[in-house]
Amino acid sequence: MGQGESSQRYTVREYEGHIGIFLEDGTLKSELKTPVELLPEIDQKKLQMGITVNTEEELILLMESYTG
């Protein structure tokens, strides 16, 4: 129990040269101004394919890894 509110999935992917966070339905939720080209190549490739996270907590951890 208690998982109802954190069941929203997100996709993090490259968006106009930086990092975009999208809701499950494809709506842009927010974006980070971190230029994707400044990230390591492995992260650039992951963002090109899109990274799916299952909870807001995972999303926060992922964003912290990209913003330092």
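**View 1. Strands β2 and β3 pair side by side in this predicted model.** Here β2 meets strand β3 (residues 28-35) through 5 bridges, and the two run antiparallel. One pair to look for is Gly20, which stands opposite Glu31 in β3. Follow the chain into the hairpin of β2 and β3 and you will find 4 residues between the strands. Gly26 in this hairpin takes a positive phi near 95°.

**View 2. The hairpin of β1 and β2.** On to the pairing of β1 with β2: 6 bridges join these strands, which run antiparallel. Arg13 has Gly20 in β2 as its bridge partner. The hairpin leaves 2 residues between its strands. Glu16, in the loop between β1 (10-15) and β2 (18-23), deserves a pause: its phi is positive, about 50°, although Glu16 is not a glycine. The relative accessible area of Glu16 is 63%, so this residue counts as exposed.

**View 3. The open sheet and the helix that packs on it.** Zoom out a little and 4 strands come together in the order β3-β2-β1-β4, with antiparallel pairing. Because β3 and β4 stand at the edges with a single partner strand each, one side of each has no neighbour in the sheet. From one strand to the next, the twist averages 25°. Helix α1 packs on this sheet and touches β1, β2 and β4. The direction of α1 makes about 115° with that of β1.

**View 4. Inside the largest nonpolar core.** This core has 14 residues, and those with the most contacts inside it are Val12, Ile19, Leu47, Met63 and Tyr66. At least two core residues come from each of β1, β2, β4 (51-53) and α2 (56-67). The largest share, 4 residues, is supplied by α2.

**View 5. Ile19 and its contacts.** Leaving aside residues up to four places away in sequence, Ile19 touches a good list of partners, including Val12, Leu47, Met63 and Tyr66. Among the others are Arg13, Ser30, Glu31, Leu32 and Thr34, and you can also pick out Val36 and Leu39 as contacts of Ile19. As for strand β2, 5 of its 6 residues are buried, so the rest of the structure largely encloses this strand.

**View 6. A salt bridge between Glu31 and Lys33.** The model holds 2 salt bridges, and this view shows one of them, in which the side chains of Glu31 and Lys33 meet at 3.5 Å, N to O. How exposed is each partner? Glu31 has 29% relative accessibility and so counts as partly exposed. Lys33 is exposed, with a relative accessible area of 64%. You have met Glu31 before: this residue stands opposite Gly20 and is also touched by Ile19.

**View 7. A salt bridge within helix α1.** Here the side chains of Glu41 and Lys45 meet in a salt bridge, 3.4 Å from N to O. Where do the two partners sit? Both lie in helix α1 (residues 41-49), 4 residues apart, which is about one turn of the helix. Glu41 counts as exposed at 54% relative accessibility, whereas Lys45 counts as partly exposed at 46%. For orientation, α1 is the helix that packs on the sheet and touches β1, β2 and β4.

Key
Residues are numbered from 1 along each chain as its sequence is written. This is a predicted model: local features need pLDDT of at least 70, side-chain atom pairs count only at pLDDT 80 or more; totals for chains, interfaces and linings use all residues. Side-chain values use heavy atoms; hydrogens and water are left out. A salt bridge is a side-chain nitrogen of Lys or Arg within 4 Å of a carboxyl oxygen of Asp or Glu. Buried means under 20% relative accessible area, exposed over 50%, partly exposed in between (1.4 Å probe, protein chains only). A nonpolar core is a set of buried Ala, Val, Leu, Ile, Met, Phe, Trp, Tyr and Cys residues joined through side-chain atoms within 4.5 Å. Contact means heavy atoms within 4.5 Å. Two strands pair if DSSP finds at least two bridges between them. Axes are lines fitted to C-alpha atoms, for helices over the stretch in contact, and angles run from 0 to 180 degrees between N-to-C directions.
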